[in-house]
Amino acid sequence: MAGAGVPSAAARRVGAPALAALVALLLGVVYRGTLASLWTVWSTNDNYSHGPLVPLVSLGLVALRREALRARPRRGDARGLALVALACAMQVLGLRADVLALQGWSVIAMLFGLSLTLLGGPLTRALALPIGYLAFMLTFPPFVMNRLSFALKEVTVRVAAQAAAWLGVTLQRSGMTLWVTGGALEIDNPCSGLRSLLAMLATGVLLAALLRGGAWRRVLLVALAVPLAMAGNALRITLLVVTAHYAGIRRAVGLFHDVSGYLTYGLSLAGLLVVFALLRPRREEASP
């Protein structure tokens, strides 16, 4: 017979969902403005258009780990309160300075802090990937995005110009503009490949979480997502230049411009899936 001061297993089962609902409600109240701002960015900025999918993927990763989570002990750790306090400070500072990136990272810190405080170290370690994966839904400071976008454009334009020249295209480059026979193709920020790079990294981490074997396989898979995304975007710009040379600027910047983006991203994603298949262990461990 259970002691009077010790909650029964049934009471704990009932209390856990109620506690989770209460925590979710409080987080919604504290971060309602931040979440609304993130939704606006996801809806208006193509670089972050994958944002709404990230929480769903994170929940899916939790579901995949449900058996491991049940097997781990739940022992709260008061040290998590330090992370909660840090998250609160980040949120206040982010709101005062109107820095959405800081508010977003406050969400991650808060989730880790609450997990450590309420669930303890073993469960928090098991939840580290699902919580950390939420970083892909966050924004980055504009100066970081602008510098990264420019660096990507520089590499992409250089590679595309060389590849187009090998294919017989006569062109001249002036900064981020490629001059061909029919006119000029200006490579703007949306064509930098930053959007596909962020999406490919998020996909690479997800596939790495599903990959069995040593850690080096997962690290290699995520690392290869970067050159695959850049190669896909360079191929797209090359196709646009070749099309502009042989069929005219109007055809290159019309429907083909949009279709080529989806096509080359699909090829990059297919390449990542091939890498995933190649990195899978050849022999699965026999079930006992």
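This briefing describes selected helices of the structure and one residue, L197. The model is predicted. It covers the length and buried face of helix α3, the packing of helix α11 against α13 and against α9, and the surroundings of L197 in helix α10.

**Helix α3**

- Helix α3 runs over residues 53–64 and holds 12 residues.
- At 1.5 Å a residue, α3 should span 16 Å, and its end C-alpha atoms lie 17 Å apart, which agrees with that expectation.
- V54, S58 and L61 are the buried residues to note in α3.
- When α3 is viewed down its axis, the buried residues fall within an arc of 55 degrees, so they line one face of the helix.
- L53, L56 and L59 lie on the other side of α3 and are exposed.
- The cover over the buried residues of α3 includes α8 (128–133) and α10 (194–210).

**Residue L197 in helix α10**

- Helix α10, which helps to cover the buried residues of α3, contains L197.
- L197 has a relative accessibility of 8%; a residue under 20% is classed as buried, and L197 therefore counts as buried.
- Leaving aside residues up to four places away in sequence, L197 touches L152, V226 and A229.
- Between L197 and A252 there is a separation of 55 residues in sequence, and their C-alpha atoms are 23 Å apart in space.

**Helices α11 and α13**

- Helix α11 comprises residues 215–247, and helix α13 comprises residues 255–279.
- The axes of α11 and α13 come within 8 Å and cross at roughly 155 degrees.
- Angles over 145 degrees count as roughly antiparallel, and α11 and α13 are therefore roughly antiparallel to each other.
- The crossing in which α11 passes α13 is right-handed.

**Helices α9 and α11**

- Helix α9, residues 142–166, packs with α11 at an angle of about 50 degrees, and the two axes are 8 Å apart.
- This angle makes α9 oblique to α11.
- The contact is made on the α9 side by L152, V155, T156, V159, A160, A163 and A164.
- On the α11 side, the contact is made by M230, N233, A234, I237, T238 and V241.
- L152, one of the α9 residues in this contact, is also among the residues that L197 touches.
- α9 passes α11 in a right-handed crossing.

Definitions and conventions:
Residues are numbered from 1 along each chain as its sequence is written. This is a predicted model: local features need pLDDT of at least 70, side-chain atom pairs count only at pLDDT 80 or more; totals for chains, interfaces and linings use all residues. Side-chain values use heavy atoms; hydrogens and water are left out. Helices (H or I, at least four residues) and strands (E, at least two) are DSSP runs, numbered from the N terminus. The expected span of a helix is 1.5 Å times one less than its number of residues. Buried means under 20% relative accessible area, exposed over 50%, partly exposed in between (1.4 Å probe, protein chains only). The arc is that of the directions from the helix axis to the C-beta atoms. Contact means heavy atoms within 4.5 Å. Axes are lines fitted to C-alpha atoms, for helices over the stretch in contact, and angles run from 0 to 180 degrees between N-to-C directions. Angles under 35 degrees count as roughly parallel, over 145 as roughly antiparallel, 65 to 115 as roughly perpendicular and the rest as oblique. A crossing is left-handed if the near helix is turned anticlockwise from the far one by less than a right angle, and right-handed if clockwise.
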